Amino acid sequence: MNLDLLAIAAHPDDVELTCGGTLLKMAQRGYKTGILDLTAGEMGTRGTPEIRACEAAKAAKLLKVSWRGTLGVPDSDVQPSRQHKLRLAAVIRQLRPKTVILPYWEARHPDHYHASALGYEGCFLAGLKQLPIDGEPYRPFKILYSISYANVRPTFVVDISAQYEQRRKAILAFRSQFQPEKREPKSTVHLAIDRLEAEMNQLAHHYGQLIGVRYGEPFLQKELMKVEDVIKMEVRSI
Ligand SMILES: [Zn+2]
């Protein structure tokens, strides 16, 4: 399978929250997209891995992704170990994505910053001929870092105004994470659905405003952007 775009993240629902709009937008443009969850999210406070798998499948459908899979790394133990890197490299060789989205390399949750390193190193190793795994050597062309939760300046922002509603539905597909069970006392609710929605809205709105649109998703790339035509550059200065 040759994917155009693959988003890799630690837990099911990470991708929806950080770059779901961009995945949907690219699928709507006819690109083949995919999501690789490194873990099954089994350490989540609520729900079971089975429920989360169901929710992940529903969200993938809403975002029109062509492929979604789980690498099988234990939740809360994501790290760039040799074993995990080889497994990831094998998946990269199988999916052959042109562009990969990874989480930003600094985060509060260790799984998130380790996911960034594991993702990068897995992509790199996939290109080494002598690696003891199956498949033709392959390396993605472009790596983008999703920085929705990081306090850094993005390199660019994707306009997701037209995809925002559908992204919202994909996030809400992970209902078990955000809605307490009926018998659960109110005080145990860490992340109520109304708070999550307000936060999502605010972030997407903030980044949208920076490029003069309603909603946006921020990304960072380590390389510089190459520009051919400075007259056709978007986003007004004054
Ligand atoms: Zn996460």
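## Arg167 and its partner

Arg167 is buried, with a relative accessible area of just 3%. In this predicted model, Arg167 pairs with Glu217 in a salt bridge whose closest N and O atoms are 2.8 Å apart. The two residues come from distant parts of the chain: Arg167 sits in helix H5 (residues 164–172) and Glu217 in strand S7 (residues 216–220), 50 residues apart. Glu217 is buried too, at 0% relative accessible area.

## Other salt bridges

Eight salt bridges are counted in the model. One of them joins Asp13 and Arg52, with 3.4 Å between the closest N and O atoms. Here the link runs from the loop between strand S1 (5–9) and helix H1 (14–28), where Asp13 lies, to Arg52 in helix H2, 39 residues apart. Both of these residues are buried.

Next comes the salt bridge between the side chains of Glu121 and Lys85, at 2.8 Å from N to O. Glu121 belongs to helix H4 (residues 110–125) and Lys85 to helix H3 (residues 82–95), so this pair ties together parts 36 residues apart in sequence. Which of the two terms, buried or partly exposed, fits Glu121? With a relative accessible area of 28%, Glu121 is partly exposed, whereas Lys85 counts as buried at 16%.

## Around Ala60

Let's turn to helix H2 (residues 49–62), which holds Ala60. Ala60 counts as buried because its relative accessibility is 8%, under the 20% cut-off. Beyond its neighbours within four places in sequence, Ala60 is in contact with Val65 and Arg68. The C-alpha atoms of Ala60 and Gly34 are 8.5 Å apart, with the two residues 26 apart along the chain.

Notes: Residues are numbered from 1 along each chain as its sequence is written. This is a predicted model: local features need pLDDT of at least 70, side-chain atom pairs count only at pLDDT 80 or more; totals for chains, interfaces and linings use all residues. Side-chain values use heavy atoms; hydrogens and water are left out. Helices (H or I, at least four residues) and strands (E, at least two) are DSSP runs, numbered from the N terminus. Buried means under 20% relative accessible area, exposed over 50%, partly exposed in between (1.4 Å probe, protein chains only). Contact means heavy atoms within 4.5 Å. A salt bridge is a side-chain nitrogen of Lys or Arg within 4 Å of a carboxyl oxygen of Asp or Glu.
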